Amino acid sequence: MTTERVIDLGERGTVRIVENGEALAQAAAAEFAQVSQSAADAGRTALIALSGGSTPKRMGQLLNEPDYAARVRWDVCQFFWGDERWVPLSSPDSNAGEAMRIFLTNAPVSNDQMHSWDTETGISPAEAAARYEHKIRKYSGTRDGGVPVFDLVFVGMGDDGHTLSLFPGTTAMHDTESLTIAHHVPKLNADRLTFGPALANAAKKVVFLVGGAGKAAILKQVLEGEVNIDLTPSQVIRPTNGTLEWIVDEAAAANLEGSADGNR
Ligand code: 6PG
């Protein structure tokens, strides 16, 4: 059993510090299993948004292992992605494509439970974002308006403080209305598709997965520093009614005030 410490940062969330990357993946997989089971117990669909990047990959591999797979109510889940690169599913850069290849196609999940952004049919990024909103509204029962409520939104955080595809140098963090956003990210010189803050913050639970020493400085800035969503877009994630949880490993948490070896 790995040791785990918890720091309650109020509206900045609850930080669960786990030993290492493997423990982080295990905690994330357990979180997802629990959300799916709760939804099943309530006779509901579980709207799940998976994050991109490398951190969630180990979680996906674990979810294919028998003891985890047995704990997940795959049948009630509808899978979406909090953000996507403007690449085809076949690309190794595709968040949805990688998740499908790593675990979803090996899980008892049908194709109509997996909802990737449309980067395949030659439409524009803006049209893809509009279509994604429509798809989310369909599965969340909000066709007539209101903000869809996800059961669980996994997000990562880059070492520049970005999350989803809300990057420094863009204005998307200030868009308080759009559920889905297509925009050009200057620092990447690439188009990106992303949940808007309004959609992420409507979720019942948002979970950041942050691991590695390379994130220690930015994690301290995001959690303990001045709030500035232009410099650290991750700070725009503040669930309105839901919970905000950070699952981080010791290496990423090394500089936090509440951690064992934080700099006092
Ligand atoms: C993406 C992600 C992005 C990611 C962070 C952290 O499309 O790149 O959604 O927001 O979560 O960059 O990535 P790592 O987990 O690989 O550090």
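User: In this predicted model, what makes up the lining of the second largest pocket in terms of nonpolar, polar and charged residues?

Analyst: The lining divides into seven nonpolar, five polar and four charged residues. Gly counts as polar under the rule used, so G53, one of the residues nearest the centre of this pocket, belongs to the polar group. K57 and E98 also lie nearest the centre, and both are charged because Lys and Glu are placed in that class.

User: Which helices supply at least two residues each of that lining?

Analyst: These are α2 (55–63) and α4 (95–102). The most comes from α4, with four residues. The second largest pocket holds about 170 Å³ of space.

User: How do you know which pocket the ligand occupies?

Analyst: A molecule sits in a pocket if more than half of its atoms lie within 2 Å of the grid points of that pocket. The space taken by the ligand is the largest pocket, which has a volume of about 250 Å³. Its lining consists of 18 residues, and G52, G53, G156, M157 and H162 are those nearest its centre.

User: Why is the approach of R85 to the ligand called a polar contact?

Analyst: A polar contact requires a pair of N or O atoms within 3.5 Å. A polar side-chain atom of R85 lies 2.8 Å from an oxygen atom of the ligand, and therefore the pair meets the cut-off. For H162, a polar side-chain atom likewise lies 2.8 Å from a ligand oxygen atom. With L164 the partner is a polar backbone atom, 2.6 Å from an oxygen atom of the ligand. The protein covers 88% of the 410 Å² of accessible area that the ligand has on its own.

User: What makes S54 count as being near the ligand?

Analyst: A residue is near a molecule if one of its heavy atoms lies within 4 Å of it. There are 15 residues around the ligand, and S54 is among those that come nearest, together with T55, D83, L164 and K215. The shell divides into two nonpolar, nine polar and four charged residues.

User: Why is the space lined by W246 called a cavity and not a pocket?

Analyst: In a cavity a 1.4 Å probe fits but cannot get out, whereas a pocket is open. One cavity of 30 Å³ or more is counted, and the largest cavity holds about 60 Å³ of space. Its lining includes E11, R12 and W246. Both α7 (216–224) and β10 (243–249) supply at least two lining residues. The lining comprises five nonpolar, two polar and three charged residues; W246 is in the nonpolar group, because Trp counts as nonpolar.

Methods. Residues are numbered from 1 along each chain as its sequence is written. This is a predicted model: local features need pLDDT of at least 70, side-chain atom pairs count only at pLDDT 80 or more; totals for chains, interfaces and linings use all residues. Side-chain values use heavy atoms; hydrogens and water are left out. A polar contact is a pair of N or O atoms within 3.5 Å; within protein, one must be able to donate a hydrogen and the other to accept it, and residues adjacent in sequence count only if both atoms are side-chain atoms. Accessible areas come from the Shrake-Rupley method with a 1.4 Å probe; for residues, only the protein chains shown count as cover. On a 1 Å grid over the protein atoms alone, a cavity is a set of points where a 1.4 Å probe fits but cannot get out, and a pocket is an open set with protein on both sides within 12 Å along at least five of seven lines; lining residues have an atom within 4 Å of a point. Grid points are joined across faces, edges and corners, and a volume is the space filled by probe spheres set on the points.
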